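Visitor: I would like a close look at the inside of this protein. Could you walk me through the enclosed spaces, and then through the parts that surround them?

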Amino acid sequence: MLRGTSTTLRILAHSIRHDSPQFSTSAVAASTQPNAALDLDPTLKALLQDIDISLTSHKHVVTKRLPRELEPVAIEYPEETEDAKDFVEGHSERSEHRKSPAALFGSKKIGAVVMPTELQKSITALIDASDKVQLHSDATRLFFDESEGWDHSYDVKYRSRKQGARHSDRDGTAFASVVLPAHYSAICAVLHHIKHRLGPQWNVQRVIDWGSGAGSGLWASMNTFQKLTGASEEPHLSTSNIFTYLGIDKRDGLVAIGKRLLRDTDLGALSATWQRSFREDDIIKRTEGHDALALSAFMLSTLPTPLARKKFVKELWESGAHTIVLIDHKTKAGFQNIAEAREYLLEMGRKELNDPETSDWPVRGAHVVAPCPHDGSCPLYSGKSVSLVCGFSQRLQRPSFVRLTKHVREGHEDIEYSYVAIQRGPRPSTVGEGISTQVRSVGRVGAVGREEAERIRLKEERVTKELVLDADHVEMRHEAEATDHIPAEIVPAENSEEVEAALRNEAFHWPRLVFPPLKKSGHIIIDACTAECKIMRLTIPKSQGKQPFYDARKSSWGDIFPHPPKNRPQERFQSTREGGSRGDDIGKRAKGRDRPKGEKSYSKVEEVLKERKRASRRDHAVQKEDFALLAEQ
């Protein structure tokens, strides 16, 4: 009875607390209800008020009213303490430098490419002046395949000049809205990587672009080689170091589109010209070609015969530019074109070195800057057929006009490409000029290695305090453990400039990851192209050390890896149907490809057994029917 009365009084007090604010001492009293106050007996009011006070003073009661819909609520932001700020800053700095300096140098990439605002405005204005429905139809006709999707190759041949004049403007607009952004991102990725590898002394001021098209090479080179300005400023054509650009292309429609894209853009000191062919008066002297770049992007695949491609590459070599960059699609045909051009350019360099008439030339020979760590024959190219392709991928943040033209929703797209960068002169040695230290011990320890060394030091101090040993014995033990666990390169003997110069020279011989690494729990497997002109499998286990294992685990396709493996690397071969041992080939093997002829697989044996069972069941059913007929007779 008393419990029921107490519960009733509590419910009544709760209702009065919402209906009559003058009897409530809680925060809920601020509730605005239109109901009038109840006329109650003074004794009951006092009793209810006492019950209300006891309920609100209870420690488990939470009297907080939830905000109503569309009611403004004041949000309180807790003040950050100095310790929290220091922790966040220290954590971000620690996460940035956990890699070793050598691994950071080898894995530095451009990231997702964003087209410059000037180029986006020019292409948008070009699209606004065209028919949108016709533009999508032309783009689908030229670059879309139902089986493979959107393609970035462009090889259009017209039946006559009249047809070419009639369709060149439309096809050029479709090329600028679909293919030009992808080509721009690939060229930017290659030029940024070469610039990172060669350092600030590689200052390009003249560009000769074979297959210039709508100007993807022009925009990429102009935005890559910029004057020293603030890092946050967006690159512009007017602030570029390049002052001479020569575009060579016979496709008049694409060249006209490229000129239209530059019509309302501030070019600064740039002098841009276009020609249908390369002339003798355009050749640069050997002594003046250090600041010249010979570029050809996605042009080799458009040439019909090997003889035409050889003549084309020879023209790049005879231009006089010290740096030659060739880019093509990541297809079997594109990689084969790049491999053949690479072999031809290196052969031209070897002929110069062996020719006595060129002994007085300031620069002789040639070497590969990227992606190969050697100047020998390509291990993935046999000369006859190509089964595996050496290529890379670059992501582009799609502008709005690309999504609208393609009728797609994704905000990014990836373009795959193969390339080679050749520079005149011999390959740099592993020891830089003016560096007395051994480069093999430079930049191999980051935050992970320092943390490991610090833990070893603390462990040694703790063991020293616990054990009571002879002083000579303790000293000998300390020296032995320090030799076994702490790497020699932890001691900082060089400044940052010397380390960067040493890493830049040593990176010419680091292995390049030509396939994505296989990341296991206890070891990392890397298939890389090495300085021995071979595809080697490098295994980095945890027992090699936390820093090498961390760097290997954070590596990705296309990086150059600085740490030598703990165990002897295994050479990989291209898989063939005849000859070669199983397990030594490169890449993933298809099911049953390495199985000898005549060997039965488990699936085939299972099918044979099932067929035998079905035959026995049929025979048993026939026998039953025969016995039934005999019984009836």
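Guide: Gladly; what follows goes from the cavities to the helices and loops linked with them. Please keep in mind that this is a predicted model.

Let us begin with the empty space. Rolling a probe the size of a water molecule over the atoms shows where such space is left. The structure holds 6 cavities of 30 Å³ or more, and the largest of these has a volume of about 170 Å³. Its lining is made up of 19 residues, and those closest to the centre are Phe335, Pro371, Cys372, Cys378 and Cys390. By class, the lining of this largest cavity divides into 15 nonpolar, 2 polar and 2 charged residues.

Which elements supply at least two residues each to that lining? They are helix H11, spanning 332–354, and strand S10, spanning 412–424. H11 gives the most, with 4 residues.

Pro371, listed among the residues closest to the centre of the largest cavity, deserves a second look. The peptide bond that leads from Ala370 to Pro371 is cis, and its omega is near 0 degrees. As for its place in the chain, Pro371 sits in the loop between strand S8 (366–370) and strand S9 (392–397).

H11 also has a helix partner. Helix H10, residues 306–317, packs with H11 at an angle of about 50 degrees, and their axes are 10 Å apart. H10 and H11 are therefore oblique to each other, and H10 passes H11 in a right-handed crossing. On the H10 side, the residues that meet H11 are Arg309, Lys310, Val313, Lys314 and Trp317. On the H11 side, they are Asn337, Glu340, Ala341, Tyr344, Leu345, Met348, Gly349 and Glu352. Sorted by class, this contact of H10 with H11 has 6 nonpolar, 2 polar and 5 charged residues.

H10 also helps to locate a backbone detail. Phe298 lies in the loop between strand S6 (292–297) and H10. Phe298 has a positive phi of about 55 degrees, although it is not a glycine.

Now for the second largest cavity, which holds about 130 Å³ of space. Of the 17 residues that line it, Phe175, His183, Gly211, Arg251 and Ala297 are the closest to its centre. The elements giving two or more residues to this lining are helix H7 (161–198) and helix H8 (216–224), and H7 gives the most, with 3 residues. The class make-up of the second lining is 7 nonpolar, 8 polar and 2 charged residues.

One more helix pair rounds off the tour. How do helix H5 (residues 117–128) and helix H9 (residues 252–261) cross? Their axes come within 9 Å and cross at roughly 120 degrees. H5 and H9 are therefore oblique to each other, and their crossing is right-handed. The contact is made by Leu119, Ser122, Ile123 and Leu126 from H5, together with Ile257, Arg260 and Leu261 from H9. By class, the H5 contact with H9 has 5 nonpolar, 1 polar and 1 charged residues.

If you would like one place to start on your own screen, try H11: H11 gives 4 residues to the lining of the largest cavity, and H11 packs with H10 at an angle of about 50 degrees.

How values were computed
Residues are numbered from 1 along each chain as its sequence is written. This is a predicted model: local features need pLDDT of at least 70, side-chain atom pairs count only at pLDDT 80 or more; totals for chains, interfaces and linings use all residues. Side-chain values use heavy atoms; hydrogens and water are left out. Axes are lines fitted to C-alpha atoms, for helices over the stretch in contact, and angles run from 0 to 180 degrees between N-to-C directions. Angles under 35 degrees count as roughly parallel, over 145 as roughly antiparallel, 65 to 115 as roughly perpendicular and the rest as oblique. A crossing is left-handed if the near helix is turned anticlockwise from the far one by less than a right angle, and right-handed if clockwise. Contact means heavy atoms within 4.5 Å. Ala, Val, Leu, Ile, Met, Phe, Trp, Tyr, Cys and Pro count as nonpolar, Asp, Glu, Lys and Arg as charged, and the others, Gly among them, as polar. On a 1 Å grid over the protein atoms alone, a cavity is a set of points where a 1.4 Å probe fits but cannot get out, and a pocket is an open set with protein on both sides within 12 Å along at least five of seven lines; lining residues have an atom within 4 Å of a point. Grid points are joined across faces, edges and corners, and a volume is the space filled by probe spheres set on the points.
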